[in-house]
Amino acid sequence: MLSIFKNHIALRFPFLENKKLFLAVSGGLDSMVLLHLFQQLPYEIAVLHCNFQLRGLESFGDQDFIKSYCKTNNITFFVTQFDTEAFAEDYKLSTQVAARELRYSWFYELLETHKFDYILTAHHADDNLETFIINLSRGTGLEGLIGIPEQNDKIIRPLLPFSREEILKYAKENMIEWREDSSNASNKYLRNKIRHDLIPVLKEINPDFLKAFQKTQSYLQESNEMVEDASIMIYQQVAKEAGDEIHFDLHQLKKLPNYKSYLYQWLNEFGFSAWNDIYDLVDSQSGKQVVAPEFRLLKNRTTLILSPIPEIDPKEEYKIEENDTEVNFPLRLILSIVDNITINSNTTIFVDAEKIRFPMILRKWKNGDSFYPFGMQGKSKKVSKLFKDEKLSLIEKENTWILCSEDQIIWVLGIRQDERFKIENTSNKILKIEIQDEFKLLSSNRNI
C-alpha cells in the first residue's frame, strides 16, 4: 500500500511538495494509518487532535494516546477540547454537525496562526460509499452523488482511493496501534447503521461492490464536470452580473427545455432550499421573491434578480452637520460651497444652502414619503409613485437613499432633486452635493 500511496500523492497532489501539512488524527485506525504513511514520506507534518468530550474518559484516553505517540516520534502536536454538546444545544445543531463546525473552524484558525498550507484527513473509499448512500436516502442532485471531494479548499483527503479493508491490512502488517471508538459500534447514528447493516448486504451480493461503486462514481464525476461546463456556457447567455446582483433574462431562460436544472445549478450555492417556489417564480407576477438566509431571488418583470439581503437597518438615519464636507457611510458624499453651478446629474445636485435646516438626514425611503420633483412647478408626488414611474424593482427601491432637511426631501439620490431647494436668482450660498461612490445608478439617463 505504501508504494501505491506514494504514487497517488505524486500524481494527484504534486503541489504538496515543500508544503507544511497538518494531519487530523482522531486516534482511530484510519487516521493512525494516514499518520504512519506520511511518516514514510519527506513532508513537514504536525498532528491536530480534537477532543469533543463526548465519551467521557475514553475521549481523554484518545487524546493521551496520540500525545504519547507524537512525543515518541518527535511530531509536533496540537490539541483542543470542545464542549460539543453545549455548542450543539446553543446553536440547535445535531451533535455530528456541531462537531464538524467546531473541528473545521479550529483547523482553519491553526492554518492561519501557524502558517501551515493544508490539512489532511483520513476519509477513505468506504466513507465515500456511506456518504453516497446517506445523500441518496435524503434526496440529492448530482453533486450529492459524486461523493467526498479529494480536495476542498485547504482540506485534502489522500486516502479516498483505499478501502477500509486495505487500510486494516496495512495497519496489521506494520503493527500500527490505534484506538477503537466505542460509538462506532452503535447504530444510533445513520452512518453506523448503513455501515453495519446495509453495506455488508451489498458486498454480499457483489464482493466487488466497492470497486464497482468507485467506477460508477468516477462516471458521475465526469458527468458532473460536463454539466458544469454546459452550465457556464448557458449562464453567459442568460445571466448578467451587475455589481453584487445577478440578473437572469427570463426570455432566454425559458427557451431552455430544462431551465429548472440550470437554475438549480446556478442558485444552489446561495443557500436556497424552496426549489418549487423558485421554479414557480419564473411565471409569477412581478415583485414576488424567494428568500434564503443571506440571499433572495426577485421576479422583476422579465428578469430574475439575485441579490444579497441588505444588512443596513431601514430605520437607521445618518446625520450630516453643516460643516461636514464628506460623508463615508452608508455611501460616500462630497459637500462643498461653490460659486457657480453646472447641469445637475445623476450624481450631483446644487441646492440653496440657506434653505436647508441642519443637520441633514440621510435615510432609506418610507411609505408615505412625498416631495416636489424638480421641474414640476410646485406639484407634489409620492416617492412610491416616482419609483413606479421609473419602473424600479423592489431591490432598487430598497437601495435608494433619501436626503432630507428636517421632514422635507432634498434629493431622492440618483433619481430626482426636490424643487423647493433649487438655486434661484436670489440664492447667495450654493451647496454642491456629489455622490462619489460605487453607487448603483438606476439608469444612465434619469431626470434629476
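**Group meeting talk: a walk through a predicted model**

Met 175 counts as exposed, because its relative accessibility is 73%. Hi everyone, that's my starting point today, and please keep in mind that this is a predicted model. Where does Met 175 sit? The residue is in the loop between α7 and α8. It also has a positive phi, about 50°, even though it isn't a glycine.

Lys 92 is another residue with a positive phi that is not a glycine, and here the angle is about 55°. You'll find Lys 92 in the loop between α4, residues 84–90, and α5. Is Lys 92 buried or exposed? With a relative accessibility of 71%, Lys 92 counts as exposed.

While we're looking at α5, let's talk about the surface. Tyr 91, Leu 93 and Val 97 make a nonpolar surface patch of about 270 Å². Val 97 belongs to helix α5, which covers residues 95–114. Its relative accessibility is 37%, so Val 97 counts as partly exposed.

Now let's go inside. Helix α2 runs over residues 29–39, and 10 of its 11 residues are buried, so the rest of the structure largely encloses this helix. Among those buried residues are Leu 29, Asp 30, Ser 31, His 36 and Phe 38. What do the buried residues of α2 pack against? The partners are α1 (2–12), β1 (20–24), β2 (44–51), α3 (57–72), β4 (118–120) and α7 (164–173).

Next up, two helices that pack together. A quick bit of background: we describe two packed helices by the angle between their axes and the distance between those axes. Here, helix α6 (residues 125–138) and helix α8 (residues 190–205) pack at about 105°, and their axes are 10 Å apart. That makes α6 and α8 roughly perpendicular to each other. Which residues meet there? On the α6 side they include Leu 129, Ile 133 and Ile 134, and on the α8 side they include Ile 194, Leu 198 and Leu 202.

There are charged residues in that contact too. Asp 126, Asp 127 and Glu 130 of α6 are on the list, and so are Arg 191, Arg 195 and Lys 203 of α8. Those six, together with Arg 164, are linked in a network of salt bridges.

So how many salt bridges does the structure hold? It holds 25. I'd like to follow a few of them, beginning with Asp 62. Asp 62 pairs with Arg 55, and their closest N and O atoms are 2.5 Å apart. Asp 62 is buried, at a relative accessible area of 5%, while Arg 55 is partly exposed, at 22%.

Arg 55 has another partner, since its side chain meets that of Asp 181 in a salt bridge, 3.2 Å from N to O. Arg 55 is in the loop between β2 and α3, and Asp 181 is in the loop between α7 and α8, so this pair ties together parts 126 residues apart in sequence. Asp 181 is partly exposed, with a relative accessible area of 24%.

Back to Asp 62, which also forms a salt bridge with Arg 179, with the closest N and O atoms 2.7 Å apart. Asp 62 lies in helix α3 and Arg 179 in the loop between α7 and α8, so here the parts tied together are 117 residues apart in sequence. Arg 179 counts as partly exposed, at 28% relative accessibility.

Let me finish with some prolines. Pro 161 sits in the loop between β6 (155–156) and α7. Is Pro 161 buried, partly exposed or exposed? It is partly exposed, with a relative accessible area of 34%. Pro 161 and Phe 5 are 156 residues apart along the chain, yet their C-alpha atoms are separated by 9.2 Å. Leaving out residues up to four places away in sequence, Pro 161 touches His 8, Ala 125, Glu 166 and Gln 214.

And then come the cis peptide bonds. One joins Phe 329 and Pro 330, with omega at about 10°. Pro 330 is in the loop between β13 (326–327) and β14 (333–338). The bond from Phe 358 to Pro 359 is cis as well, and its omega is near 0°. Where is Pro 359? Look in the loop between β15 (348–352) and β16 (360–364).

That's my tour, thanks for listening!

Notes: Residues numbered from 1 in each chain as written. Predicted model: local features only at pLDDT ≥ 70, side-chain atom pairs only at ≥ 80, totals over all residues. Heavy atoms only, no water. Patch = residues over 30% accessible without salt bridge, like charges linked within 9 Å, V, L, I, M, F, W, Y side chains within 5 Å. Areas by Shrake-Rupley, 256 points an atom, 1.4 Å probe, with all protein chains shown as cover. Salt bridge = Lys/Arg side-chain N within 4 Å of Asp/Glu carboxyl O. Helix = DSSP H or I, 4+ residues; strand = E, 2+ residues; numbered from the N terminus. Buried < 20%, exposed > 50% of the residue type's maximum accessible area, 1.4 Å probe, protein only. Axes fitted to C-alpha atoms, helices over the stretch in contact; angles between N-to-C directions. Parallel < 35°, antiparallel > 145°, perpendicular 65-115°, else oblique. Contact = heavy atoms within 4.5 Å.
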